Amino acid sequence: MDASTDDGRIRTGTVWTATAHAFTAIVGSGILALPWSVAQLGWILGPFFLVFFAAVTYYIAILLCDCYRTPDPVKGRRNYTYMDAVRALLGPKHVFISGMMQYSMLWGIMIGFTITTAISIATMKRSTCFHEKGPNAKCGVSGNSYMLAFGALEILLSQFPNLEKVTFLSVIATLTSLAYALIALCLSIVKFSSHQYEAKGTIMVAMAGKGLATSTKVWQVFQALGNIAFSYTYSMLLVEIQDTLKSPPAENKAMKRVTLYAIGGTALFYTSLGCMGYVAFGADVPGNFLTGFYKPLWLVDIANLAVIIHLIVGYQVFAQTIFAINEKWLAATCQAPASFFNKIYTIRFQCKQNYSFQFTPSRLLLRTGFVVFTTLVAMLFPFFNAILGLLGSISFWPLTVYFPLNMYMVQAKIKRGNSTWIMFQVLSLLCLMVTLVSAVGSVADILEHLKHAQLFHIDL
């Protein structure tokens, strides 16, 4: 069987559709925390690490593009998922660890998206209340109802069959992420100009946070380092995105262009927003950058609405990856593929144009159940964003650095002890150190959140 059709699936993705998926995978609401991260690191280390981690992520992602097909990067057999690539190049013993980390991270991001969306909606409602009733008004808002509404919407969107079919959602996510990033950038420029272009901040590390103990400031520096590294996370979805590309041109060449566009554009936005936010607020920059602005209310609300839309549609890029692996496993283990649960049913809608919706009972039930469970966990642990920071920190080194570098060394037949092998080991060691210090900072953040957290309670 020809490798281009080894699974019988017709791929229609292009460089531009894959770039939309890549932007959605990289850029999350975490972009709004980058000015805070720069503030913890200061003017020298902050911008340096924004550029450094962009370069590291780009370099390793370029290597991973050549691991989509094995043993030949152009004509070899496809690896449909990140775990397939690990299995083909590193062997089955590595699959369990990589799979647990990858899908735990993806699921964690989905929970984080659920919580952050509810917080963003509640923030919009509360700011409108303050605007109408005055700054001293009682404007308490609960986020639980917004989580339920978010979950209901995601149940509908989850019925799209696969990642290729949600390309338009990735385009929307890309546009909305650019929208709120640009608005935040413009608002910070206006704030900077309002104090006579006096640049705030310091070149020193651990100077942010008035009245905080020195140890707390150090933990925040560690956490900031992890935030920047995790904000470029891309490798864990690269293979799945590459699997949507049609051929020719060769998928590895096309994906390298996608990686350049996605990481290059992301790095430009991250550096601009991180630095401008710091120069505008200095050490007082808030953790969620948008909460530092109250006027003009309409523009801040548009930015928050863009964040909400981005999270709603970005959720599906991560969810579809989990759905795909679960349904692939189900299809491989089910002995009756034509049974009621796996039979394809079609519903036709009579409109000006004929529309049809295809589904299987297994997809309808399993995906719905998964989204419901994810929403319940988000409601149960409203401080999960702190836990997500820990998941991101401990997953950064193995998923973004260790496995991709080792897969490429097997694919390219790089011998142990030569100059390339030594360079890879040094790079891996540096990133391992970032993972360890970030994990320490994240644990300290979780312990702080646990002092004030309440289950099923996300009041603002």
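A nonpolar core is a set of buried Ala, Val, Leu, Ile, Met, Phe, Trp, Tyr and Cys residues joined through side-chain atoms within 4.5 Å. In this predicted model, the largest such core has 116 residues, and the members that touch the most others are Phe 53, Tyr 234 and Met 407. Helix α10, which spans residues 297–333, supplies the largest share of this core, with 16 residues. Phe 53 gives a good first view of the packing. Beyond its neighbours within four places in sequence, Phe 53 is in contact with Leu 225, Ile 228, Ala 229, Tyr 232, Phe 396 and Val 434. A second core, separate from this one, has 9 residues, among them Ile 115, Ala 118, Met 147 and Val 377.

Helix α10 is also home to a histidine, His 310. With a relative accessible area of 1%, His 310 falls under the 20% limit and is therefore buried. The side chain of His 310 comes to 2.9 Å from the backbone oxygen of Ala 173.

Another histidine, His 94, is found in the loop between α3 (82–90) and α4. His 94 has a relative accessibility of 19%, so this residue, too, counts as buried, the limit being under 20%. When residues up to four places away in sequence are set aside, His 94 touches Val 86 and Phe 403.

The helix that follows this loop can be viewed together with one of its partners. Helix α4 (residues 95–133) packs against helix α11 (residues 361–380) at an angle of about 65 degrees, and the two axes are 9 Å apart. This crossing of α4 and α11 is right-handed. On the α4 side, the contact is made by Trp 107, Met 110, Ile 111, Thr 114 and Ile 115, which meet Phe 370, Phe 373, Thr 374, Val 377 and Ala 378 of α11. By class, the residues of this contact comprise 8 nonpolar, 2 polar and no charged. Two of these residues have appeared already: Ile 115 and Val 377 are among the members of the second core.

A further helix pair involves α2 (residues 34–65) and α8 (residues 235–242), which pack at an angle of about 35 degrees with their axes 10 Å apart. The crossing of α2 and α8 is right-handed. Here Ala 61, Leu 64 and Cys 65 in α2 meet Ser 235, Leu 238, Val 239 and Gln 242 in α8. The contact of α2 with α8 holds 5 nonpolar and 2 polar residues, and no charged ones.

The loops have backbone details of their own to look for. Most peptide bonds are trans, and most residues other than glycine have a negative phi. Against this background, the bond joining Thr 70 and Pro 71 is cis, with omega at about 0 degrees. Pro 71 sits in the loop between β1 (69–70) and β2 (77–78). Ser 247 and Pro 248 are likewise joined by a cis peptide bond, with omega at about 0 degrees, and Pro 248 belongs to the loop between α8 and α9 (251–281).

Lys 413 stands out for its phi, which is near 55 degrees, a positive value in a residue other than glycine. This lysine, Lys 413, lies in the loop between α12 (384–411) and α13 (419–450). The relative accessible area of Lys 413 is 66%, which is over 50%, so Lys 413 is exposed.

Terms used. Residues numbered from 1 in each chain as written. Predicted model: local features only at pLDDT ≥ 70, side-chain atom pairs only at ≥ 80, totals over all residues. Heavy atoms only, no water. Buried < 20%, exposed > 50% of the residue type's maximum accessible area, 1.4 Å probe, protein only. Helix = DSSP H or I, 4+ residues; strand = E, 2+ residues; numbered from the N terminus. Contact = heavy atoms within 4.5 Å. Polar contact = N/O pair within 3.5 Å; in protein donor to acceptor, adjacent residues only side chain to side chain. Axes fitted to C-alpha atoms, helices over the stretch in contact; angles between N-to-C directions. Left-handed = near helix turned anticlockwise from the far one by under 90°. Nonpolar A, V, L, I, M, F, W, Y, C, P; charged D, E, K, R; others polar.
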